[in-house]
Structure formats: structure tokens, C-alpha cells
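Welcome! Take a moment to look over the model below, and then we can walk through some of its features together.

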Amino acid sequence: MNRIRIFAENHLIFFGAIILDLFAFAANLFAARWTVFANAYSHTVFRFASLRLSRLMGIFHVSIVECLLFALCILGTGDLFYHLFFSWKTRSWKPLRALGGHVFLLLSFLYFLYTFNCSINYRRTSFSKEAQLNVTENYSKEELLKLCEYLVRELNTAERNLVTERQKAMESTTLSPEDPEDVNFLLVQNGAYIGQTEFTPEPNARWLFHAGTAGQHAMEALGNRYDRLSGLYPYPKPVLNSWILSVQQTTGVYSPFTLEANYNRSIPYYNIPFTICHELSHLRGYMQEQEANFIAILATCSSEDNYFRYSGYLNGWVYAGNALAKVDYENFSRLYKALDPHAIQDLKYNNAYWKRYEGEIAKVQEKVNDVYLKSNGQSHGVKSYGHVTDLMLQYYEKNGTLDIHKLS
């Protein structure tokens, strides 16, 4: 009897981990079978936890999950060699069993957090349905052309506003407009970097802070229109080691383990505002990528910040323009030529940037991501990233704009 009691006491934590795993597994099954359960959880428990814990994490302007990942690599490696050494020294399997136990407990804890901070939300009602959009793929070529013309028109307007901002900034400073370094400094400081090239300096801390706070305001303004997006948003975190994300061809990451919105600070400037809003939307439980992309389009296109508007309309053009090129290349070519030269240069730089990181790692990451998305109910896998065009078409047809401030 004493041996049984000692065994139970020593393994109580493992019994607890197994129970939590079964609880999480059951929650996943319920969410997959009953949308009502997923909605109830997402609208109550997750929202309550996300609003509070994400704000707590937002106090720190560095990525907590990135720091924990580095710490895990160091401590995990140390734990591995420690147990391997004692297994060799004692000629026993006991240290390796202990190592296996550590791995099991860690994975159980991560699985539990992932389930209740992420995977259940994949099964909730989509934002498009909540916004009463009747989304189909049966849109006409004329409707797509009309949307693309609107995006180009608004994009060029945002670009002209940015040029005006730049001129005013140059007039109010003693820096030389003839010195490329001075011009670059002003553009970065004022968040008006357009026409990026390989010689453009990377974002500095001041600009990233500006972009982060502008992203918070943009999402909070969108939340005033759509209740499910309402509430305060935490500060989005630029990761320190951006190479890790770039080599995976990734612009941002939502961390369900720390409830943080993280983004790649080294990507082309015009992608940063869009990515910030995309990742912040996950904090309201909208996990499906096409939904997050669409929310990011609405948030950036409706922002009071001209650079965010530029980012929103340019990203919207990329999605809709790619769709137009497949069905009406002649009009696509006409509209592409109508784009402001700064926007064309930004698109060229974007292609050149990602070309640097093409390779086997990126291919493997895409395959893994495709399986991941399909396993969470997104039947189109990575192709679902392009379905934002359908959402834009329906929204524009219904409202005549992507700017929520112009809605009646």
C-alpha cells in the first residue's frame, strides 16, 4: 500500500497533465462539432482572458514568447545533456525517463494553452458572417475591375498625402533635402516611407513604436463599428531576431502561449501596418487567415494615419490585382501602370526582399502551414490567404467603400 501511495504522489503531476490534455482534446472535439460551443467560449472566456492577459503582456515592449523561446533552447539543451550524462554515468535508463517526463509535461502545457487560446477559435462564426456579408466566389469580372479601380484611386490619394507630409516635414527642418541620409531620416521618423529600395534604412525604434500605437488605434476604431472587435488592444511586438521569420517567409506570428501579436520588423515598410493589424485581430479570436487579412484591410484603410491607409490599399491591390490579372490581364496592366511610381517601387522591393529567402526552409514551412490550416478547418489551406479578395468584393459591393468612416 505504501508503494502505491508513494508512486501516486510522485506521479500526481503527470496524472494532472493527462487530465488537462483530455480536457483540451474534448474541448477541440466539441468546438469542431458544435459552432455554438466555439462561439460561446470565444465570446466569453477567451475574450475575458485575452483582454486582460494580453494587456498585461503589452506592458513589455519586447516579445515575451521570443525571450521564452531562447530560454527554452538554452535550458532544454542543458537539461538534455545533463540527463544524457547521468544516464551514461550511472549506466541507467532512469535519467532518460526523467527527461521524457519533462518533455511530456512541457508539451502537455503547450497543448493546453494552444487549445484554449487558439484552436477552439478556428471553429467560431466567421467575421464575414457577423458583418452580414454573403460571401461567394461567383463575382463578375466587372465587379472585380470596379474594386481594383477603387483601390488604385484610393492608393494614389494616400500616396499624395504622404508626399505632402514629407514636403511639410522638409520645410520645417534644417536637414538638407539634397542629402539622401537626411531625407531617409525624415521619412522614417514621419512614417511616410514610400518607394523603398535596398538602400533604405531599416525601421528604427521610434518608427516601430509609432506604427505599433497607430495599429492599436486603428483596431480600436474598427472595434467601435464591430462589437466583436471592441476593446483596448495591447502593443504589438517587433521580434528581435527577424531572420527566423524571414527565412520562413513569415511576416508575423500570433502567440497563443503569451497572447501576443508579434511581427517581423525587417519586412518591407508597407507590409508592417497591415501585418500589425492582422496579428492583433487574432487577439479577438479571429484565427482564420483570410478573416484576419480582411480585418487588417478594413483597419488600415480606415486609419487616421496616412501610411496605414497606404499600406491597406496597397495590400488590397495586391490581392485583388492578382485576381484581376488571371481573368483580365489587359485591364490589370492598365491599372498597374496607373499606380504611383512609389507604389510600384514598393512592390518591386517586396518581390526582391522575399526572393532573398527562397529555399528549402521556406518550402517546408509552407507545407507545414498548409497542413496546419487544413487541420483547423480551413479546407483551402495556404490558398485561403487569397480569399480576402472575395471578402473585399462583397464588402465593397454592399458599402461602396472599405473605409468604415464613410459608412452611413
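## Phe104 and a nonpolar patch

Phe104 sits in helix H5, which covers residues 94-117. Please keep in mind that this is a predicted model. Together with Leu12, Phe15, Ile18 and Leu22, Phe104 makes a nonpolar surface patch of about 470 Å². Helix H2 gives the largest share of this patch, with four residues.

## Where H2 meets H3

Helix H2 (residues 12-33) has another part to play, this time with helix H3 (residues 35-58): their axes come within 5 Å and cross at roughly 115°. On the H2 side, the contact is made by Ala27, Phe30, Ala31 and Arg33, and on the H3 side by Thr35, Phe37 and Ala38. Sorted by character, the residues of this contact are five nonpolar, one polar and one charged.

## A sheet of three strands

Further along the chain, you can find an open sheet with mixed pairing, in which three strands follow the order S1-S3-S2. Strand S1 (237-238) and S2 are the edge strands, each with a single partner, so one side of each has no neighbour in the sheet.

## The hairpin up close

Strands in a sheet pair through backbone hydrogen bonds, in a parallel or an antiparallel way. Strand S2 (residues 252-255) and strand S3 (residues 260-263) are antiparallel, with four bridges in their pairing. Ser255 has Glu260 in S3 as its bridge partner, while Tyr254 is opposite Ala261 in S3.

What lies between S2 and S3 in their hairpin? Four residues do, and Leu259 in this turn has a positive phi of about 50°.

Notes
Residues numbered from 1 in each chain as written. Predicted model: local features only at pLDDT ≥ 70, side-chain atom pairs only at ≥ 80, totals over all residues. Heavy atoms only, no water. Pairing = 2+ DSSP bridges. Helix = DSSP H or I, 4+ residues; strand = E, 2+ residues; numbered from the N terminus. Axes fitted to C-alpha atoms, helices over the stretch in contact; angles between N-to-C directions. Contact = heavy atoms within 4.5 Å. Nonpolar A, V, L, I, M, F, W, Y, C, P; charged D, E, K, R; others polar. Patch = residues over 30% accessible without salt bridge, like charges linked within 9 Å, V, L, I, M, F, W, Y side chains within 5 Å. Areas by Shrake-Rupley, 256 points an atom, 1.4 Å probe, with all protein chains shown as cover. Salt bridge = Lys/Arg side-chain N within 4 Å of Asp/Glu carboxyl O.
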